[in-house]
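Hi everyone, thanks for coming. I'd like to walk you through one structure today, so let's put it up on the screen.

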Amino acid sequence: MARPEQRRIDLGALSVAAGAVVAAGGVGALLLLAGGYEPLGAARAALAGAFGSTEALLSITLVRTVPLVLTGLAVAFAFRAGVWNIGAEGQLLAGAIAAAWVGLAGRALPSWVLVPVLLVLAGCAGALWALIPALMKLRLGVGEVITTLLMSFVAIHLTGWLVHGPLQEPRGIFPQTEAIAEAARLPALVPGTRLHAGAFIAIAAAVAVAWLFVRARIGFRMRAVGASSSAARIAGRIDTGPIVLVAFMGSGALAGLAGGVQVAGVTYALYEGFSPGWGYTAIAVALLAALNPLGVLATALLFGALEAGAAAMQRDAGVPAVWAMAVQALVILAVLALDRLRRRGGGGAARV
Amino acid sequence: MTAVLARLDGVARRFGSVQALAGASLEVRAGEVHAVLGENGAGKSTLLSVLGGMLRPDSGTIEVGGERVEFASPRDAWKRGIGLVHQHFTLVPALSGLENLALGRRSSPFRLRRTLEGLRADAESLMDRTGLAVPLDAPVEGLGVGEKQRLEILKVLLRDPSVVVLDEPTAALAPAEVTALFALLRSLAAEARAIVLVAHKIDEVLAVADRVTVLRRGRTTLTELRANVGAEALVRAMIGDPHVYAAALGVDASASHSRPTRTRGAVVATLDDVRACAPSGRLALDGVSLEIARGEIVGIAGVEGNGQRELALILAGRLRATAGSVRLPAGIGFVPQDRSHEGLVGDFDLAENVALALHADARFGGRATLAWAAIRAEAERVRDRFAIVSAGTSTRADMLSGGNQQRLVIGREMLVASDLLVAENPTRGLDVAATAFVHSELRRLTESPAGPGVVLVSSDLDEVLSLSDRVLVAAGGRLIPVPEHARSKQGVGALMLGGARGAA
């Protein structure tokens, strides 16, 4: 029996994603040529840096993929319900702050208590950070695109203040916290690499969100509100307010979890400039995956590899990392353009 | 022989897999009202879009004033004197009538006031000449449907087009307004313009047109002087199939304007002195009392905007009354007027759309989950029972034709309407066969006094009169029962307009 969600991984979306990558790669090659770099060499360095060895794949690419999966899921979770939460960055930082605090304050606790508490509180902090724009939307009618974005700036500067002030390491030299307790850290998944148990958490979260959209009543209601809030209200008798609230909070929790996993699995500390913009890249990750939770696993890996490849390009081929960032941006633009073209050519015009 | 103002010949246009036009022709002459008739999906709107420069045909020719032309945009069509009055309003709600008229006109940004006053003079003289009265200074959002439409017509006429095209202009008008519109069209035609009127109601066409062109499946099947054709020939040209035709007439012919009196069932819904507000905050229902019994069809007629929308929403349990008491049963089905925005989720497939009515039902899921196998089986039953043409229950709703979308909505709501079904303009925009189907379903549903009660809110008087056991007119936020002796188009029309005037 065909389930509603299964056919959503349709060929159209896949071909758009593939086409976008190819198109962006082509333009990226031209950019490199124009900059006087050798595209093939750069590409070889990038590929080797992302996938060339077990070390590259596990310690670099996959480690960068994990926070993108969780924040990508956060964005997809909200967008599917028609909530344009573009503030995953701030919610991630809120989660990271909570995680760092738990990891520092809970030194006396055993690992089996400390790790779950850290992750749960990180999720709660992200949800709380999203609650403010949620209430502003539901109570006052303020658009979430602006509020979620502004809340990210608040979180960025709050982080900066904390690591210069109350949470700064005792010597007071570096703008960062002390390392969190050993018991608060996520175990390594493959010994000798930096890949941590957060990868499992990310995959589990993707499966859980996919299940929610396909099977769960709340997931169906979220999709209905996202696809047509008037039809959800009139035909579905769905009270949209609580659904919107769930979308905000769930999205915030996933982003907060991303921050918690990053602190407990990779950095073991909070510092200024903690996130290189995962919360923003997440929007591209989610859109490229057509908001499909399982698709997010693949697109997050692509962007994780792009970042790993960019670092390698800089190191081994002498190409500045900004070139890779430009390619990343081109992928996003190409996705938007191709998706638009596909809609225009296909379903959109077919009705008479 | 009068001059041919515009001619479309052998026009074809394909959208994806749908051949919307397959060799359609249309020729309009100065001084005539020319009706274009056809069922939904026959290609009327596509043909108009070609004439109005919104679509380029794949093949075929366009001539204006005897000259071959190609329209790259609507602007090209304007320049050739073709003015299109859209079916859906293209007005900015927050702007005044005059400001809406000024949109799209070239003017210096520093001389807006002078431009507006010049436009006002033009508009007022045009209104004097044609008798087309529209308030120019009130924001458009406060205007009635008829006023908005007159404003749209005024907007087009200010460009002094030689061909005026109107896409289904009578859809939302009261009978008296339709009469006034037709008189206006006649006087416009008398100024040596050509008026092209798209319609799907045959009696309207017979009332106003000089010539008729009928489209079926993207082809022109008939072009004839009105004097030379009767209703029967038009219907045959529209639907082609004599069996469908008979079934359609079977409903229309029963316009004896009442149903046989039958025993009333138990009361299922009661409204007592109910008040409610429209989304704008305006008081829309002002003390309405109503009882609905099982097995009866209660028809609500009225000019749009007289409270029937809010009444339908309250009866359907979709809107809370601000005062008064409302008692509703558990099993309510609701067929909303705007099926594509309120009845269906276009991105959802048939089963997901059926789930919209079932997702809160414990029989179709566990504590937190939905039982998709059971829902899909239910959707499959709806598809069979209501003969919905689709590849399966995984077809997206927005890939269905209008008639099939309506079958889906009605079929789904009948699943849950064990006590009460509220239907708002359920046949608006449907073709003859689909309309006949909806009517027979409503009758079947109320055959026995154990069946659900049905509330039929409709601006189509024929529909209300032929289906309903009782008729009430919504006027100025109140309900006026129609006495048996006034149960005719004229009688109900008079009540509708009387009430509407009282409300204004």
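Before I point at anything, one term: when I say helix or strand, I mean a DSSP run, of at least four residues for a helix and at least two for a strand, numbered from the N terminus. And please keep in mind that this is a predicted model.

With that term in hand, let me begin with a single residue in chain B. Where does Ser325(B) sit? Ser325(B) belongs to strand S14 of chain B, which covers residues 323-327. Is Ser325(B) buried or exposed? A residue with 12 or fewer C-beta neighbours within 10 Å is called exposed, and Ser325(B) has 11 of them, so it counts as exposed. If you want a second landmark, take Gly476(B): it is 151 residues away from Ser325(B) along the chain, and the two C-alpha atoms are 20 Å apart.

Let's zoom out to chain B as a whole. What is it built from? Chain B has 17 helices and 19 strands. Along the principal axes, its C-alpha trace spans about 65 × 50 × 50 Å. For 504 residues, a compact globule would have a radius of gyration near 23 Å, and the 24 Å of chain B agrees with that. Of those 504 residues, 46% are buried. As for contacts between residues at least 6 apart in the sequence of chain B, 70% of them link residues at least 24 apart.

Now over to chain A. How many helices and strands does chain A have? The count is 13 helices and zero strands, so to speak a run of α after α when you read along the sequence. The radius of gyration of chain A is 21 Å, close to the 20 Å that the globule rule gives for 352 residues, so chain A is as compact as a globular protein of that length. Its C-alpha atoms fill a box of roughly 70 × 55 × 40 Å along the principal axes. Buried residues account for 50% of the 352 in chain A. And for contacts in chain A between residues at least 6 apart in sequence, 79% join residues at least 24 apart.

I picked two helix pairs in chain A to look at together. The first is H4(A), residues 88-105, with H10(A), residues 240-267: their axes lie 6 Å apart and the packing angle is about 45 degrees. H4(A) and H10(A) are therefore oblique to each other, and their crossing is right-handed. Who meets whom here? From H4(A) the contact includes Ala88(A), Leu92(A), Gly95(A), Ala99(A) and Gly103(A), and from H10(A) it includes Gly252(A), Gly256(A), Gly259(A), Gly260(A) and Val263(A). By class, this contact has 13 nonpolar and eight polar residues, with no charged ones.

The second pair is H11(A), residues 278-288, with H12(A), residues 293-316. These pack at an angle of about 135 degrees with axes 8 Å apart, and are therefore oblique to each other. The crossing of H11(A) and H12(A) is right-handed. On the H11(A) side, the contact is made by Thr281(A), Ala284(A), Val285(A), Ala286(A) and Leu288(A); on the H12(A) side, by Val296(A), Thr299(A), Ala300(A) and Phe303(A). Sorted by class, that gives seven nonpolar, two polar and no charged residues.

That's my tour. Thanks for listening, and I'm happy to go back to any part of it.

Key
Residues numbered from 1 in each chain as written. Chains lettered and ligands numbered in written order. Predicted model: local features only at pLDDT ≥ 70, side-chain atom pairs only at ≥ 80, totals over all residues. Rg over C-alpha atoms; globule rule 2.2 N^0.38 Å. Buried ≥ 20, exposed ≤ 12 C-beta atoms within 10 Å, placed from the backbone. Contact = placed C-beta atoms within 7 Å. Axes fitted to C-alpha atoms, helices over the stretch in contact; angles between N-to-C directions. Parallel < 35°, antiparallel > 145°, perpendicular 65-115°, else oblique. Left-handed = near helix turned anticlockwise from the far one by under 90°. Nonpolar A, V, L, I, M, F, W, Y, C, P; charged D, E, K, R; others polar.
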